[in-house]
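The following note sets out points for a colleague who is examining the structure below. Each point may be checked against the coordinates.

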Amino acid sequence: MNFLAAPLPEKRTDKPGQWDTQTKFWSDLIVSSCTDCTQLSVRGKEIEERFTRSGRKPACLGGVVQDACSQGVLRMSTLWENDCRSSWLQWGAGLATSWISSSLATDGAWLDVTYVIPSLVKQYSSDVLAEHGRCVRAQGRNDLLDGDTFASLCRRVYPALSDADVLLLKNWLRKSSKLAVQQDDGGVEVIKLAATPQQCVASLSKQDVALFKLRECCTMLTSQIEQLLSDVKRCTERAKEKQMLGLRDAALSWLRRRKRLQAAVLKKEGACDNIEQLIHGLQAADDDKKIVDAMQVGTRAYREALADIDVDKIADTVDELRFRYACRAS
């Protein structure tokens with residue numbers, strides 16, 4: 001253990017065996033500890049504290065973290081954010097990675113830096129997509145979520161995820177074209193998530209935002225209807241109680257209140273039915289568009305396949321086949 005906790009050689013070429021053994025041991029241990037704690041990111045100080053025993057700290061951790069960054073096992077959070085944005089930012093960040101991580105390792109500033117574990121981010125993202133796919137297959141079409149629902153989905157798979165880790169997953173899924181996000185007019189975050197690992201998600205359309213708003217409205221109405229039905233039941237019970245006590249006027253008052261609530265239930269149920277019809281209509285229109293697009297692609301491919309074929313060429317081919325067959329028969 002003393003050998004593993006010793007400082008790294010100044011260069012890998014000096015003692016490659018010792019370098020590789022130490023860096024692999026501690027890198028694997030860092031990733032394993034983050035897996036056990038359900039962490040997608042970890043601060044350098046936390047890494048040091050996690051492996052301190054009886055006040056003794058591994059002297060090689062700074063160099064190990066630097067090597068892990070160069071090998072892609074760890075990634076500085078600032079550079080990871082750039083990776084998830086645009087290609088030119090990723091290119092510029094890649095140029096700066098080596099000298100930044102080197103300076104952090106030498107002056108001890110690595111302790112104040114947050115590092116992302118890319119392998120865990122990718123694994124957790126795949127697991128979240130798989131869980132979402134199961135929900136879509138079980139509940140029907142519902143690939144549109146708000147921010148809170150997406151966070152709940154992530155925590156259904158990994159309950160201990162922090163808000164920062166949920167954001168890491170969202171950014172990586174967006175980078176991988178598995179997620180698209182947009183804010184509606186009311187400032188609500190609308191998220192479209194791929195239902196299968198093979199599916200790629202483009203930016204949200206106006207139709208997607210409209211579907212999300214309709215579904216949210218339908219959910220709100222359903223909740224209100226359930227509350228009204230509970231109130232109707234309560235009014236019925238109160239009316240019976242007053243009737244049994246001989247308080248006829250009080251019983252009639254509760255019955256009149258129940259009638260008003262029942263009218264409100266009918267009104268909201270009608271609105272909910274209309275919204276569901278709109279949702280089905282929009283989804284049917286989307287399916288029809290996909291069918292027409294597929295037929296157009298097939299038609300173009302069919303035309304291209306027959307572009308070099310005409311009646312004269314077919315006739316010439318048939319005549320040649322007949323001539324060869326006749327020659328062969330004679």
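**Notes on the predicted model**

1. In this predicted model, strands S5 and S6 (residues 189–193) are paired in the antiparallel sense, over five bridges. Two facing positions may serve for orientation: Val-181 is set opposite Ile-191 in S6, and Gln-182 has Val-190 of S6 as its bridge partner.

2. S5 and S6 form a hairpin with five residues between the strands. In this hairpin, Gly-187 adopts a positive phi near 85°. A colleague checking backbone torsions may wish to look at this residue.

3. The pair belongs to an open sheet of three strands, ordered S4-S6-S5 and paired in the antiparallel sense. Its edges are held by strand S4 (144–146) and strand S5 (179–183), each of which pairs on one side only. From one strand to the next, the twist averages 25°.

4. Which helix packs on this sheet and touches S4, S5 and S6? Helix H8 (residues 147–157) does so, and its direction makes about 95° with that of S4. Helix H9 (residues 163–175) lies across S5 and S6, and runs at about 110° to S5.

5. A further open sheet has three strands in the order S1-S3-S2, with antiparallel pairing. Strand S1 (41–43) and strand S2 (75–76) are at the edges with a single partner strand each, so one side of each has no neighbour in the sheet. S2 is joined to strand S3 (residues 114–116) by two bridges, and the two strands run antiparallel. Arg-75 is found opposite Val-116 in S3.

6. The next point concerns helix packing. Two packed helices are described by the angle between their axes and by the distance between those axes. For helix H2 (residues 16–36) and helix H7 (residues 118–139), the angle is about 35° and the axes are 10 Å apart. The crossing of H2 and H7 is right-handed.

7. Which residues make the contact of H2 with H7? On the H2 side they are Val-31, Cys-34 and Thr-35, and these meet Ser-119, Leu-120 and Tyr-124 in H7. By class, the residues of this contact comprise four nonpolar, two polar and no charged.

8. The largest pocket holds about 440 Å³ of space. It is lined by 22 residues, and those closest to the pocket centre are Asp-143, Lys-192, Asp-208, Asp-286 and Lys-290. For a colleague preparing the model for calculation, the protonation states of these five residues would have to be assigned separately, as hydrogens are left out of the side-chain values.

9. Which elements give two or more residues to the lining of the largest pocket? They are helix H10 (206–244) and helix H11 (248–305). H11 supplies the largest share of this lining, with six residues. By class, the lining divides into seven nonpolar, five polar and ten charged residues.

How values were computed:
Residues are numbered from 1 along each chain as its sequence is written. This is a predicted model: local features need pLDDT of at least 70, side-chain atom pairs count only at pLDDT 80 or more; totals for chains, interfaces and linings use all residues. Axes are lines fitted to C-alpha atoms, for helices over the stretch in contact, and angles run from 0 to 180 degrees between N-to-C directions. Helices (H or I, at least four residues) and strands (E, at least two) are DSSP runs, numbered from the N terminus. A crossing is left-handed if the near helix is turned anticlockwise from the far one by less than a right angle, and right-handed if clockwise. Contact means heavy atoms within 4.5 Å. Ala, Val, Leu, Ile, Met, Phe, Trp, Tyr, Cys and Pro count as nonpolar, Asp, Glu, Lys and Arg as charged, and the others, Gly among them, as polar. On a 1 Å grid over the protein atoms alone, a cavity is a set of points where a 1.4 Å probe fits but cannot get out, and a pocket is an open set with protein on both sides within 12 Å along at least five of seven lines; lining residues have an atom within 4 Å of a point. Grid points are joined across faces, edges and corners, and a volume is the space filled by probe spheres set on the points. Two strands pair if DSSP finds at least two bridges between them.
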